Amino acid sequence: MVGRAHVTRTKWWAVPTLRNMNHQYEILLALGVLSPMISFWVLVLFGPKMGKPLAGWFGVIMGMGVPLALATYVLVGWCGHVQSGTAAALTADAFRLNWATIGTIPITVGVKLDSLTVAMYFMVTFIAFWIFFFSVGYMSGHSDEVAGQSKYHRFFAYLSLFGFSMLGLVISSNLLFLFIFWELVGLCSYLLIGFYFDKLFASTAAIKAFVTNRVGDFGFLIGLMLVYFQLGTLDLDEAATRFAEQASMGTGIFASHFTMFGWSLATIMGVGLFCGAMGKSAQFPLHVWLPDAMAGPTPVSALIHAATMVAAGVYLVARVFRLMTPEALMFIAMIGCLTLTLMALVAVVQVDIKKCLAYSTLSQLGYMIFGMGCGAWIAALFHLITHAFFKAMLFLCSGQVIEGCHHEQDMRKMGGLRKKMPFTCWTFFVGVLAISGAGVAGLEVAHTKFGLGGFFSKDEILAVAYARAFEWDYEKHQDHGGHNGHASLDHTGVPIVRLASDPTGDDAHAASATHGGGMAAIFENTPPLPKWMFWLALITAYVTPFYMMRAWWLTFMGKPRDQHVHDHAHESPLMYVPLVVLAMGTFISSYFLFRPLIADAAPAATTAALVLATDGNLHTPAISAAHHWLVFGVGCAFIVGFAIAIGIYSRGLGVAERIKRTAGPIHTLLEHKYYFDEFYGLVCVKGCLVVAKICRFVDTWIIDLVVNIAASATERFAAFSGLIIDNHGVDGVVNGVAKTSMDFAGVVRAPQTGRIRHYVLFAAGVAAIVLLVVVWVGLESTGGATATVSAIPQ
Amino acid sequence: MLTIGLTHYLVVAAVLFCAGVFVMMTKRNAIGILIGVELVLNSTGVNLIAFDRYVGQGRVDGQIMALFVIVLAAAEAALAVGICINVYKNLATVDVDSARDLRG
């Protein structure tokens with residue numbers, strides 16, 4: 001970085017000089033997220049016109065080439081900052097924008113800029129780039145089979161969308177946006193698993209993946225809601241600080257007395273957030289979707305279901321680690337332990353090469369989650385990164401094998417392929433070494449140890465697990481002045497585990513001072529890890545090399561078991577480059593770059609007192625001296641596993657068949673994956689159907705009954721109203737009025753007889769009456785009849 | 001000896017009047033009705049002369065009015081006969097009961 005200060009010519013693309021630009025890393029990372037989105041839209045809109053090779057290369061360059069370039073630039077710059085110590089300032093000052101306000105709680109969009117982000121971002125772009133590259137060649141032969149629709153550009157469109165979602169997830173600083181990208185990643189997984197949607201098993205596998213993910217997301221949402229309501233914010237850093245405050249003051253989430261299964265509300269929050277990881281990273285009860293997801297094309301399996309998407313769950317746990325209580329972490333460790341053991345056992349009996357790798361992925365994810373639960377934050381993430389490299393490579397190799405054997409995936413029909421496909425064979429072997437944790441235990445030359453992949457990462461997890469199980473002494477040590485949180489001492493007085501916020505290991509004062517009373521007070525009561533968890537993890541470290549070597553041996557060594565398959569086998573040189581690059585990546589990631597970056601991110605990201613990290617890794621001299629058996633027991637596990645596998649399979653399948661017959665029921669149980677699919681099918685699927693039938697019953701007989709009664713009542717009322725009231729009532733009145741008028745008219749008309757004699761009669765009669773009346777009244781008024789008569793003159 | 005006073009003449013006139021009205025009411029023949037009309041008019045003439053003789057002091061107004069009544073009666077009878085002739089032309093009969101077209 002020093003030399004760059006002298007550069008005077010400004011490069012044309014750096015017109016606002018990037019070096020001095022504020023928030024340059026955030027902007028570059030965000031651009032890297034946008035680039036695959038642009039690629040997606042272009043491929044969706046113009047893909048069919050772009051045609052076969054162009055669509056693929058566009059996807060490669062725009063979808064992952066640009067992000068990789070940006071990631072490399074950011075990585076280089078960031079490492080410089082880490083070395084010069086300015087990284088923390090950049091993290092604290094990272095870009096945040098007030099986006100919206102829900103109720104009274106603001107949602108801030110931003111890029112979480114720390115070493116873990118940079119490391120993950122680089123890993124994702126690097127592996128994705130080479131897988132995109134691999135797909136250009138691989139999918140050109142594999143994408144004409146989908147009915148009717150065109151295919152090739154669609155694959156790269158989906159891959160680009162996935163790239164966008166995954167990178168967005170990695171840089172999210174806010175749980176809301178993390179969740180949004182989380183769901184998007186799940187959607188892309190659905191689209192890509194179901195890429196061959198005309199095949200029923202592919203589309204059902206896609207649905208299974210999505211639904212299982214959603215089940216996990218149910219718990220995730222509960223956790224999110226608890227974060228939102230109790231902590232009042234969705235920003236990761238703020239949530240962590242508030243969690244620590246509430247823990248120390250006993251307010252907020254810690255003030256509630258609500259318990260479920262003996263878990264406090266804070267634990268429920270942590271477990272809820274972990275449920276999302278259970279779904280996405282396919283942990284124990286929700287693991288059923290990952291083996292079926294192998295129905296998708298091989299690059300999809302490599303990218304999504306080995307390296308990146310399933311790692312998102314572990315990444316989530318890493319990000320929300322500061323919101324976990326010890327009970328939540330214990331739950332996480334238990335689930336991780338169960339997963340790693342059970343899945344490794346199932347992998348032993350798999351005959352399909354991709355399924356074997358799938359169960360291996362499940363088991364390694366279990367290791368990562370187990371590591372997180374034990375508090376080995378650094379080790380778990382380190383294992384994630386090394387695993388991503390070698391698992392992607394293993395899947396690509398398996399893709400080559402399947403392709404070369406003309407779509408034969410059953411390992412029992414392979415054998416002796418090393419002569420036909422030597423390149424694939426030996427890169428696969430490198431992957432097997434990496435996953436088995438192969439290395440020279442106990443040997444250190446010039447501060448470097450010789451080993452590959454899991455030798456460093458998995459063994460570190462086991463070391464931390466051992467420390468948590470056997471050496472966890474959580475009482476206060478008098479000689480340290482009663483500081484809590486400082487985990488334990490070995491018998492020589494050398495701390496083998498220390499707080500991750502305390503990289504130098506000597507100043508425990510500062511550590512407890514920064515934590516305050518509350519967090520440490522909670523975590524000082526953290527129980528040790530149950531010993532059975534450690535033993536299971538250790539035993540599985542022996543099983544892993546066994547099934548991986550078994551897979552390799554059955555595929556590549558020995559005599560060919562199916563001549564037809566063997567004759568057809570071939571390698572295609574186009575695919576060499578990604579495999580080589582990933583093999584180199586496995587090697588490099590084991591030694592350089594990643595672990596220091598993660599270790600740098602650890603203190604800030606894990607202010608919980610419960611994060612433990614060994615000093616470097618298991619194989620430091622002090623530790624080796626103290627725990628010889630552990631070093632060799634773990635470091636040499638791969639030799640034992642390999643030996644057993646080679647011993648059983650060296651002469652073909654005969655010995656294995658005999659073992660299978662003797663261990664019949666166990667084998668059947670493993671072969672059927674503990675009958676989980678049948679169980680879920682019965683309970684969940686048929687349960688849903690039963691509920692649906694009940695609902696239909698209610699709908700038809702109860703709700704429709706009410707509606708029908710209402711309808712017929714209305715109908716009757718209408719009839720009543722119409723026929724009776726209207727016809728008889730209203731019309732009756734009207735007719736009555738008319739009839740009365742007519743009758744009256746008739747009466748009035750009656751005298752008009754037309755006969756003159758009648759008229760004369762009426763006139764004379766009325767006249768007589770009137771005359772009588774007048775005379776009578778007149779006579780009354782003038783004194784009577786007699787007086788008038790007598791007045792008549794004679 | 002019975003002294004003939006005003007009352008006796010009024011009674012005669014009244015009887016004539018009633019007879020005339022009765023004839024008007026009951027006769028079906030149009031000419032018969034006209035005869036009744038004559039009777040009524042003549043009764044008024046008798047009435048007028050009686051009042052003139054007994055109430056008018058030497059004046060002859062009553063008798064002049066009676067002459068007017070006779071002339072009017074003659075004119076009216078001529079007009080009425082004209083109407084009857086028209087009725088006969090239209091209906092071929094002088095029966096008033098058959099002229100019922102203006103009934104209600």
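Biologist: In which loop of chain A is the place of Met294(A)?
Modeller: This is a predicted model, so positions here are computed. Met294(A) follows H10 and comes before helix H11 (298–307). Its place is thus the loop between H10 and H11 of chain A.

Biologist: Is Met294(A) buried or exposed?
Modeller: The cut-off for burial is 20 or more other C-beta atoms within 10 Å. Met294(A) has 24 C-beta neighbours inside 10 Å, so the residue counts as buried.

Biologist: Which residues is Met294(A) in contact with, leaving aside neighbours within four places in sequence?
Modeller: Cys275(A) is 19 residues from Met294(A) in sequence, but the two C-alpha atoms are 23 Å apart. With neighbours within four places left out, the contacts of Met294(A) are Ser301(A), Lys354(A), Lys355(A) and Ala358(A).

Biologist: Where does Ala282(A) lie, and what is its phi?
Modeller: Ala282(A) sits in the loop between helix H9 (265–280) and helix H10 (289–292) of chain A. The residue counts as buried, with 30 C-beta neighbours inside 10 Å. Its phi is positive, although the residue is not glycine, and is near 50 degrees.

Biologist: What about Ala92(B): is it buried or exposed?
Modeller: Ala92(B) comes in the segment after helix H3 (61–91) of chain B. Its phi is also positive, near 65 degrees. The limit for an exposed residue is 12 or fewer other C-beta atoms within 10 Å. Ala92(B) has 9 such atoms, so it is exposed.

Biologist: How many helices and strands are there in chain B?
Modeller: Read from the N terminus, the elements of chain B run α-α-α. That gives three helices and zero strands.

Biologist: Why is chain B described as more spread out than a compact globule?
Modeller: The C-alpha atoms of chain B fill a box of roughly 55 × 25 × 25 Å along the principal axes. For the three helices of chain B, the globule rule is the yardstick, and for 104 residues it gives 13 Å. Chain B is more spread out than a compact globule because its radius of gyration is well over that, at 17 Å.

Biologist: What share of the residues of chain A is buried?
Modeller: Chain A comes to 30 helices and six strands. In chain B, 14% of the 104 residues count as buried. Among the 794 residues of chain A, the buried share is 48%.

Biologist: And what share of the contacts in chain A with a separation of 6 or more joins residues 24 or more positions apart?
Modeller: In chain B, 48% of the contacts between residues at least 6 apart join residues at least 24 apart. In chain A, the corresponding share is 79%.

Biologist: How many residues does the contact between the chains take from each chain?
Modeller: The contact has a side in chain B and a side in chain A. It takes 16 residues from chain B and 13 from chain A.

Biologist: Which helix gives the most to the side of chain B that touches chain A?
Modeller: By class, this side of chain B has eight nonpolar, four polar and four charged residues. The element that gives the most does so with six residues, and it is helix H1 (residues 6–26) of chain B.

Biologist: Are H5(A) and H6(A) roughly parallel or antiparallel?
Modeller: Helix H5 (residues 152–171) and helix H6 (residues 175–193) of chain A pack with their axes 8 Å apart, at an angle of about 155 degrees. Angles over 145 count as roughly antiparallel. H5(A) and H6(A) are therefore roughly antiparallel.

Biologist: How do the residues of the contact of H5(A) with H6(A) divide by class?
Modeller: H5(A) passes H6(A) in a left-handed crossing. The contact includes Tyr158(A) and Phe162(A) of H5(A), and Phe181(A) and Trp182(A) of H6(A). Its residues divide into 13 nonpolar, two polar and no charged.

Biologist: How do the residues of the contact of H15(A) with H16(A) divide?
Modeller: The axes of helix H15 (residues 377–404) and H16(A) come within 9 Å and cross at roughly 150 degrees. The crossing is left-handed. Among the contact residues are Thr386(A) and Phe390(A) of H15(A), and Ala434(A) of H16(A). The division is eight nonpolar, five polar and no charged.

Biologist: Which residues does Ala434(A) touch, not counting those up to four places away in sequence?
Modeller: Ala434(A) lies in helix H16 (residues 422–436), and it counts as buried, with 31 C-beta neighbours inside 10 Å. Phe390(A) is 44 residues away in sequence, yet 6.8 Å away in space, C-alpha to C-alpha. Ala434(A) touches Thr386(A), Phe390(A), Leu452(A), Gly453(A), Gly454(A) and Thr586(A).

Technical notes:
Residues numbered from 1 in each chain as written. Chains lettered and ligands numbered in written order. Predicted model: local features only at pLDDT ≥ 70, side-chain atom pairs only at ≥ 80, totals over all residues. Helix = DSSP H or I, 4+ residues; strand = E, 2+ residues; numbered from the N terminus. Contact = placed C-beta atoms within 7 Å. Rg over C-alpha atoms; globule rule 2.2 N^0.38 Å. Axes fitted to C-alpha atoms, helices over the stretch in contact; angles between N-to-C directions. Parallel < 35°, antiparallel > 145°, perpendicular 65-115°, else oblique. Left-handed = near helix turned anticlockwise from the far one by under 90°. Nonpolar A, V, L, I, M, F, W, Y, C, P; charged D, E, K, R; others polar.
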